[in-house]
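Here are a few exercises to work through with the viewer open. Try each task yourself before reading its solution.

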Amino acid sequence: TVLGAGIAVAGLVAGVGLVAFAENMGERSKARGAVSDSMATRLTGGLMEDTEVDAVGDLSSLTEKLEAALKETGGAKEEELAMSEEDKKRIAEEADDGW
């Protein structure tokens, strides 16, 4: 029983030590700027069910780059890429899931 209690205390100390170490390394990484805010949000969203991941900024940037590349290569014309107000409204209604 004394041996079991010693093992339990050692396990508890090791667990707290690992948590403190991981937290400290996360703070140091954040201070260095190694992880961007959007990446931190994605990582948090992947690990927690209650966190929403907002990738709209990334999506619009990607869309703009793809449109520019299509225009440069002649793969699409300006008129083909333009979206009418009806299309924008329809897409917004389809994207609204009631939440």
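## Exercise 1: A charged network

In this predicted model, the side chains of Arg90 and Asp87 meet in a salt bridge, with 3.9 Å from N to O.

**Task.** Find how Arg90 and Asp87 are placed in helix H5, and work out which residues are joined with them into one network.

**Solution.**

Step 1. Start with the cut-off: a side-chain nitrogen of Lys or Arg has to lie within 4 Å of a carboxyl oxygen of Asp or Glu. The Arg90 and Asp87 pair, at 3.9 Å, is listed as a salt bridge.

Step 2. Now look at the spacing. Arg90 and Asp87 are three residues apart in helix H5, so about one helical turn separates them.

Step 3. Check the surroundings of each partner. Arg90 is partly exposed, at 39% relative accessible area, and Asp87 is partly exposed too, at 29%.

Step 4. Follow Arg90 to its other partner. The side chains of Glu94 and Arg90 meet in a salt bridge at 3.2 Å, N to O. These two are four residues apart in H5, again about one helical turn. Glu94 itself is exposed, with a relative accessible area of 56%. Through shared partners, the salt bridges join Asp87, Arg90 and Glu94 into one network.

## Exercise 2: Completing the count

**Task.** How many salt bridges does the rule give, and where do Lys88 and Glu85 lie?

**Solution.**

Step 1. The count comes to three salt bridges. One of them joins the side chains of Lys88 and Glu85, with 3.8 Å between N and O.

Step 2. Both Lys88 and Glu85 lie in helix H5, which covers residues 85-95, and the two are three residues apart, about one turn of the helix.

Step 3. Compare exposure with the classes in mind. Lys88 has a relative accessible area of 42% and is partly exposed, whereas Glu85, at 60%, is exposed.

Step 4. For background, side chains of opposite charge can pair when their charged atoms come close.

## Exercise 3: The length of H1 and what follows

**Task.** What span should the 31 residues of H1 have, and how far apart are its end C-alpha atoms?

**Solution.**

Step 1. Helix H1 runs over residues 2-32. At 1.5 Å a residue, its 31 residues should span 45 Å.

Step 2. The end C-alpha atoms of H1 are 45 Å apart, so the expected and modelled spans agree.

Step 3. Gly33 follows H1, and its phi is positive, near 80 degrees.

Step 4. Go back into H1 to Ser29. This residue has 15% relative accessibility, so it counts as buried, the cut-off being under 20%. Apart from neighbours within four places in sequence, Ser29 is in contact with Ala34 and Val35.

## Exercise 4: A nonpolar patch

**Task.** Which residues form a nonpolar patch on the surface with Val35?

**Solution.**

Step 1. Val35 is joined by Met39 and Leu43, and together the patch has about 240 Å² of accessible area.

Step 2. Place Met39 in the chain: it is found in helix H2, residues 37-47. With a relative accessible area of 37%, Met39 is partly exposed.

## Exercise 5: The whole chain and its confidence

**Task.** How many helices and strands does the chain have, and which element has the lowest mean pLDDT?

**Solution.**

Step 1. The chain has five helices and zero strands, giving the pattern α-α-α-α-α along the sequence.

Step 2. Of its 99 residues, 3% count as buried. The accessible surface comes to about 8800 Å², with 60% of that belonging to carbon and sulfur atoms.

Step 3. The chain averages a pLDDT of 79, and 82% of the residues score at least 70. Among the elements, H2 has the lowest mean, 72, and H1 the highest, 92.

Step 4. Keep one caution in mind: where pLDDT is low, the predicted coordinates should not be read in detail.

Methods:
Residues numbered from 1 in each chain as written. Heavy atoms only, no water. Buried < 20%, exposed > 50% of the residue type's maximum accessible area, 1.4 Å probe, protein only. Areas by Shrake-Rupley, 256 points an atom, 1.4 Å probe, with all protein chains shown as cover. Patch = residues over 30% accessible without salt bridge, like charges linked within 9 Å, V, L, I, M, F, W, Y side chains within 5 Å. Contact = heavy atoms within 4.5 Å. Expected span 1.5 Å × (residues − 1). pLDDT = per-residue confidence, 0-100.
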